[in-house]
Amino acid sequence: MFDDLKRFETGLPRQFDWFSQLLDGFLPDSNAMDIRAVPRGSFPMINVARSDDAVRVYVFAAGLAPSDLTIDVQDNVLTLRGKRDAVTGSNDDGSSRPVFRRERASGEFVRAVALPDGLDAERAEARHAHGVFEIVLPKREELKPRRIDVQAA
């Protein structure tokens with residue numbers, strides 16, 4: 001439906017055209033959203049994958065414990081809420097060290113992800129390993145593909 005809308009025209013100066021073309025070479029056309037469309041500073045980053053039996057949402061949140069993330073599903077919207085504490089260094093005497101560069105965001109966050117119709121939220125499961133949360137939302141049985149065997153007449 002929106003295949004002809006490849007990219008927002010951002011009005012970037014001409015000197016960035018080479019970089020955009022370079023990225024286009026590494027990111028082939030697909031039905032997935034372009035990585036450049038993700039708002040800067042979005043946390044946590046996510047991937048959403050669909051198979052014949054489920055939709056899987058991968059939440060990349062290094063440094064978050066399972067107790068730091070709340071996952072809700074309502075009206076085909078997956079909502080992720082949590083808080084990531086700031087990392088501060090301290091000296092041996094307990095005094096804090098000054099920070100002269102901070103690249104890791106901290107604070108409360110909320111991400112909402114639209115999900116396709118036909119998922120069974122009651123059977124959803126979530127797992128956490130090595131900083132990645134995997135949320136599995138099975139499709140309702142009546143919507144799963146079904147193979148029909150042909151009988152000889």
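Colleague: How many helices and strands does the secondary structure of the protein chain come to?
Modeller: The model is predicted. Read along the sequence, the chain follows the pattern α-β-β-β-β-β-β-β. The secondary structure therefore comes to 1 helix and 7 strands.

Colleague: What is the order of the strands in the open sheet of 4 strands?
Modeller: The pairing in this sheet is antiparallel. The edge strands, each pairing on one side only, are S1 and S6. Neighbouring strands are turned by 15 degrees against each other on average, direction ignored. The order is S1-S2-S7-S6.

Colleague: How many residues lie between S1 and S2 in their hairpin?
Modeller: S1 and S2 run antiparallel and are joined by 6 bridges. One bridge pair has Arg-50 with Val-55 in S2 as its partner. The number of residues between the two strands of the hairpin is 3.

Colleague: Which residue in S7 is the bridge partner of His-128?
Modeller: S6 and S7 pair in the antiparallel sense, over 5 bridges. In S7, the partner of His-128 is Phe-133.

Colleague: What is the order of the strands in the open sheet of 3 strands?
Modeller: The pairing here is antiparallel. Strand S3 (69-74) and strand S5 (107-114) are the edge strands, since each pairs on one side only. The strand order is S3-S4-S5.

Colleague: Which residue in S5 does Arg-81 stand opposite?
Modeller: Strand S4 covers residues 77-84, and 8 bridges join S4 to S5. The two strands run antiparallel. The residue opposite Arg-81 in S5 is Val-110.

Colleague: How many residues does the largest nonpolar core have?
Modeller: In soluble globular proteins, nonpolar side chains tend to be buried together. Here the residues with the most contacts inside the largest core are Val-57, Val-59, Leu-78, Leu-115 and Ile-135. Strand S2 (54-60), S4, S5 and strand S7 (132-138) each supply at least two residues of the core. Its number of residues is 16.

Colleague: Which residues does Val-57 touch, not counting residues up to four places away in sequence?
Modeller: Val-57 is one of the residues with the most contacts inside the largest core. Leaving out residues up to four places away in sequence, Val-57 touches Asn-47, Val-48, Leu-78, Leu-115, Phe-133, Glu-134, Ile-135 and Leu-137.

Colleague: Which residues form the aromatic pair that is edge-to-face?
Modeller: A search of the whole structure finds 1 aromatic pair. Its rings are 5.2 Å apart, centre to centre, with 90 degrees between the planes. Edge-to-face needs planes over 60 degrees apart, so this angle qualifies. The residues are Phe-43 and Phe-109.

Colleague: How many residues apart in sequence are the parts that the pair of Phe-43 and Phe-109 ties together?
Modeller: Phe-43 and Phe-109 are both buried. Phe-43 lies in the loop between helix H1 (17-26) and strand S1 (45-50), while Phe-109 is in strand S5. The pair therefore ties together parts whose separation in sequence is 66 residues.

Colleague: At what distance from the ring centre of Phe-43 does Arg-84 lie?
Modeller: Phe-43 has Arg-84 over the face of its ring. The distance from the ring centre is 3.7 Å.

Colleague: Is Asn-76 buried, partly exposed or exposed?
Modeller: Asn-76 is in the loop between S3 and S4. Although not a glycine, Asn-76 has a positive phi of about 60 degrees. Buried means under 20% relative accessible area and exposed over 50%. Asn-76 has 29% relative accessibility, so the residue counts as partly exposed.

Colleague: Is His-130 buried or exposed?
Modeller: His-130 is found in the loop between strand S6 (125-129) and S7. It is not a glycine, yet His-130 has a positive phi of about 55 degrees. With a relative accessibility of 83%, His-130 counts as exposed.

Colleague: How far apart in space are Glu-142 and Gly-118, C-alpha to C-alpha?
Modeller: Glu-142 is in the segment after S7. With a relative accessible area of 58%, Glu-142 is exposed. Glu-142 and Gly-118 are 24 residues apart in sequence, and their C-alpha to C-alpha distance is 8.8 Å.

Colleague: What percentage of the residues in the protein chain is buried?
Modeller: The protein chain has 153 residues. Phe-43 and Phe-109 are among those that are buried. The buried residues make up 20%.

Key
Residues are numbered from 1 along each chain as its sequence is written. This is a predicted model: local features need pLDDT of at least 70, side-chain atom pairs count only at pLDDT 80 or more; totals for chains, interfaces and linings use all residues. Side-chain values use heavy atoms; hydrogens and water are left out. Two strands pair if DSSP finds at least two bridges between them. A nonpolar core is a set of buried Ala, Val, Leu, Ile, Met, Phe, Trp, Tyr and Cys residues joined through side-chain atoms within 4.5 Å. Buried means under 20% relative accessible area, exposed over 50%, partly exposed in between (1.4 Å probe, protein chains only). Contact means heavy atoms within 4.5 Å. Rings of Phe, Tyr and Trp (its six-membered ring) pair if their centres lie within 6.5 Å; planes under 30 degrees apart count as stacked, over 60 as edge-to-face and the rest as tilted. A charge sits over a ring if NZ of Lys or CZ of Arg is within 6 Å of the ring centre and within 35 degrees of the ring normal. Axes are lines fitted to C-alpha atoms, for helices over the stretch in contact, and angles run from 0 to 180 degrees between N-to-C directions.
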